[in-house]
Amino acid sequence: MTGGILWLSLILLLISSITRRPMISGSGWLLLGAYWLMEAWHYTSIKDYFNVMVVVGAAAISFSFCWRILSGGMSDTAEWISMAAAICGLLYFPFAEVQSLSEILIRCTTLLTFWLLAGLNVPVSMESWNLLALNGRSVEIVLACTAIESIALFAGVILSVRAPRARRLGAVILSTATIYTLNIGRNAFVLLAYGEEWFGQDSFYLAHNVIAKVGSTLALLLIAYIVFAILPELLVLIDDLFAELRASRRPEV
């Protein structure tokens, strides 16, 4: 049931960005918010309270956009954010929801990480289709290790901008290829640090949860800066969106 609600919400958002119908867009955001709330129930059942907060926040944002669009109409920024959400979702959720697609992406990422390390003469072994080992220490490659979330986010935001096709495609190719390539390096770094115990007993935690996360954040900020330079229209849309959000909080007199 949750899958049906998800796909229907994304389709409605995509249609609304083309037809500019507030009712269709509002319905899409409403269903998307309902999907996130159902995900919150799932995470609560497995006591993953961090993700509970994340999806509840996503639900609140979805309901907020629903209310703003239904009450204020379909502005240019509402059209853009609806299309961006639809494209991001249509790029990401097939991999998150369809196991065969997820396995293909994970397998490809595992192989590329293995080839990178092997090419550097690191004695890495591939114990399974998604399991790499070094010096008897294994690291499992999961969907989060493929950077599909960041790739879908950048691609969706960029492709939804009204700008010359050549610049949009250039920005998409540059950003997504860079993200995926750097992510292969990130995976290799984590396995090296863990397998060689660069930071002692806490090598995996420090490499994966601290150094790699900080490095990934800085890399994404740099990539975003380059994308803004290629597509200044995107920066204008983001500024307009925040302006609308600020204006909606002002009390009426």
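How many aromatic pairs does a search of the whole structure find? The search finds seven of them, and I should say at once that what we are looking at is a predicted model, so please take every value I quote this morning as computed from that model.

Let me stay with the aromatic residues for a moment. One of the pairs is formed by F189 and W198, whose ring centres lie 6.0 Å apart with 55° between the planes, an arrangement that counts as tilted. Neither ring belongs to a buried residue, because F189 has a relative accessibility of 23% and counts as partly exposed, and W198, with a relative accessible area of 46%, is partly exposed as well. Elsewhere, Y35, W36, Y92 and F93 come together as one aromatic cluster.

Two members of that cluster lead us to the nonpolar interior. The largest nonpolar core has 51 residues, and those that touch the most other members are W29, W36, W80, F93, F154, I158 and L234. The element that gives the most to this core is helix α4, residues 76-97, which supplies eight residues. There is also a second core, separate from it, made of 10 residues that include F114, L117, V139 and L192. As a general background remark, nonpolar side chains in soluble globular proteins tend to be buried together.

To give a sense of the surroundings of one of these core residues, consider W29. If we leave aside its neighbours within four places in sequence, W29 is in contact with L13, S62, F65, C66, I69, I81, S82 and A85.

I would now like to turn to charged side chains, where the count comes to five salt bridges. Which residues does R20 meet in this way? One partner is D76, with a nitrogen-to-oxygen distance of 3.3 Å between the side chains. Since D76 lies in helix α4 and R20 in the loop between α1 (2-19) and α2 (22-45), this pair ties together parts of the chain that are 56 residues apart in sequence. The other partner I want to show is E79, whose closest approach to R20, N to O, is 2.2 Å. That pair, too, links distant parts of the chain, with R20 in the loop between α1 and α2 and E79 in helix α4, 59 residues apart. As for accessibility, R20 is partly exposed, because its relative accessible area is 31%, whereas E79, at 10%, is buried.

The next salt bridge is in another part of the model and joins the side chains of E197 and R137, at 3.1 Å from N to O. Because E197 sits in the loop between α7 and α8 while R137 is in strand β3, the two tie together parts that are 60 residues apart in sequence. Both ends are partly exposed, E197 at 39% relative accessibility and R137 at 24%. Returning to the earlier group, salt bridges that share partners join R20, D76, E79 and R162 into one network.

R162 deserves a closer look. Where does R162 lie? Its place is the loop between α6 (148-159) and α7 (165-195), and with 62% relative accessibility R162 counts as exposed, because the threshold for that class is over 50%. Outside its neighbours within four places in sequence, R162 is in contact with R20, E79 and E233, and its side chain makes a polar contact of 2.8 Å with the side chain of E79. The C-alpha atoms of R162 and W80 are separated by 8.5 Å, although these residues are 82 apart along the chain; W80, you will recall, is one of the core residues that touch the most other members.

Finally, let me come back to R137 and its strand. Strand β2, residues 131-134, and strand β3, residues 137-140, run antiparallel and are joined by four bridges, and R137 in β3 is the bridge partner of L134. The two strands form a hairpin with two residues between them. N135, in the loop between β2 and β3, has a positive phi of about 55° although it is not a glycine, and at 44% relative accessibility N135 counts as partly exposed. E197, the salt-bridge partner of R137, likewise has a positive phi, near 55°, in a residue other than glycine, and its place is the loop between α7 and α8.

Definitions and conventions:
Residues numbered from 1 in each chain as written. Predicted model: local features only at pLDDT ≥ 70, side-chain atom pairs only at ≥ 80, totals over all residues. Heavy atoms only, no water. Pairing = 2+ DSSP bridges. Buried < 20%, exposed > 50% of the residue type's maximum accessible area, 1.4 Å probe, protein only. Contact = heavy atoms within 4.5 Å. Polar contact = N/O pair within 3.5 Å; in protein donor to acceptor, adjacent residues only side chain to side chain. Core = buried A, V, L, I, M, F, W, Y, C linked by side-chain atoms within 4.5 Å. Phe/Tyr/Trp six-rings, centres within 6.5 Å; stacked < 30°, edge-to-face > 60°. Salt bridge = Lys/Arg side-chain N within 4 Å of Asp/Glu carboxyl O.
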